[in-house]
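Please consider the structure shown below. A student and a tutor will then discuss its main features.

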Amino acid sequence: MHSRSTSSLLTLPTSGRIIPAIENRAQFLRLFDTAAVRAILLRHCNIFELAGLIERAHQRSIATYVSIDHIDGIHADAAGLRYLAEHIHITGIISNHPRILSLGKEFGLETVQRIFALDSTGLETALHSVELENVNMLDISPALVIPHITERLRIPLPLPFIASGLLLNSNHTQEVLHAGAVAVVVAREQLWHA
């Protein structure tokens with residue numbers, strides 16, 4: 001059995017702070033032409049159709065994360081998470097469900113809790129609900145709010161965070177990274193090289 005990648009969102013080099021969101025096989029194949037990619041997020045795709053490409057990413061030390069709430073082919077229960085960890089060799093999962101994150105932790109997966117920042121009160125309430133022992137990092141969405149809210153929060157962010165959603169150009173990604181995000185998740189392929 002192969003181990004998971006030694007790469008991690010927690011140790012990304014400065015040149016690898018853009019995380020492509022992969023939704024199909026063609027995108028995954030194009031990803032390998034992007035030298036600076038150190039981590040990817042799989043969402044809205046069938047995990048089993050991409051198993052060979054995930055192994056190829058693993059061999060290239062590309063950390064692979066699965067948006068477990070938005071993936072086809074596997075259920076977010078103990079059996080599914082164990083399979084992802086032990087046979088597909090993913091690095092971690094992203095979910096907005098604390099129970100799923102706790103299960104992922106049991107199988108040695110890195111866990112990222114997705115938080116929707118609809119307003120500052122909702123964000124602070126969500127931050128209070130984070131179970132720090134089960135979460136390695138936060139994913140705050142939409143990313144464009146990050147530069148406007150991080151300094152205004154009454155409580156500091158308890159963990160490092162990535163940002164996702166509504167990033168339309170490289171200026172957006174740079175603003176969010178400058179505001180403190182460890183990395184940004186981007187769906188637009190033209191931003192994979194930003």
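The following exchange moves from the whole chain to single residues.

Student: On what basis are the features of this model described?

Tutor: This is a predicted model, in which local features need pLDDT of at least 70 and side-chain atom pairs count only at pLDDT 80 or more, while totals for chains, interfaces and linings use all residues. Residues are numbered from 1 along each chain as its sequence is written, and side-chain values use heavy atoms, with hydrogens and water left out.

Student: How many helices and strands are there in the chain?

Tutor: Helices (H or I, at least four residues) and strands (E, at least two) are DSSP runs, numbered from the N terminus. By that count the chain has seven helices and eight strands.

Student: Why is the chain described as being as compact as a globular protein of that length?

Tutor: The radius of gyration is taken over C-alpha atoms, and the globule rule is 2.2 Å times the number of residues to the power 0.38. For 194 residues the rule gives 16 Å, and the chain is close to this, so it is as compact as a globular protein of that length, with a radius of gyration of 16 Å.

Student: Which residues have the most contacts inside the largest nonpolar core?

Tutor: A nonpolar core is a set of buried Ala, Val, Leu, Ile, Met, Phe, Trp, Tyr and Cys residues joined through side-chain atoms within 4.5 Å. Buried means under 20% relative accessible area, exposed over 50%, and partly exposed in between (1.4 Å probe, protein chains only). The largest such core has 54 residues, and those with the most contacts inside it are Phe28, Leu42, Ile47, Ile68 and Leu81. The largest share of this core, four residues, comes from helix H3 (residues 78–88).

Student: Which elements do the buried residues of H2 pack against?

Tutor: Contact means heavy atoms within 4.5 Å. In helix H2 (residues 51–59), the buried residues are Leu53, Ile54, Glu55, Ala57 and His58. They pack against helix H1 (25–31), strand E2 (39–42), strand E3 (63–67) and H3.

Student: Which residue with a positive phi follows H2?

Tutor: After H2 comes a residue whose phi is near 60°, namely Ser61.

Student: Is His172 buried or exposed?

Tutor: His172 lies in helix H7 (residues 170–178). Leaving aside neighbours within four places in sequence, His172 is in contact with Leu144, Leu166 and Leu167. Its relative accessibility is 17%, and His172 therefore counts as buried.
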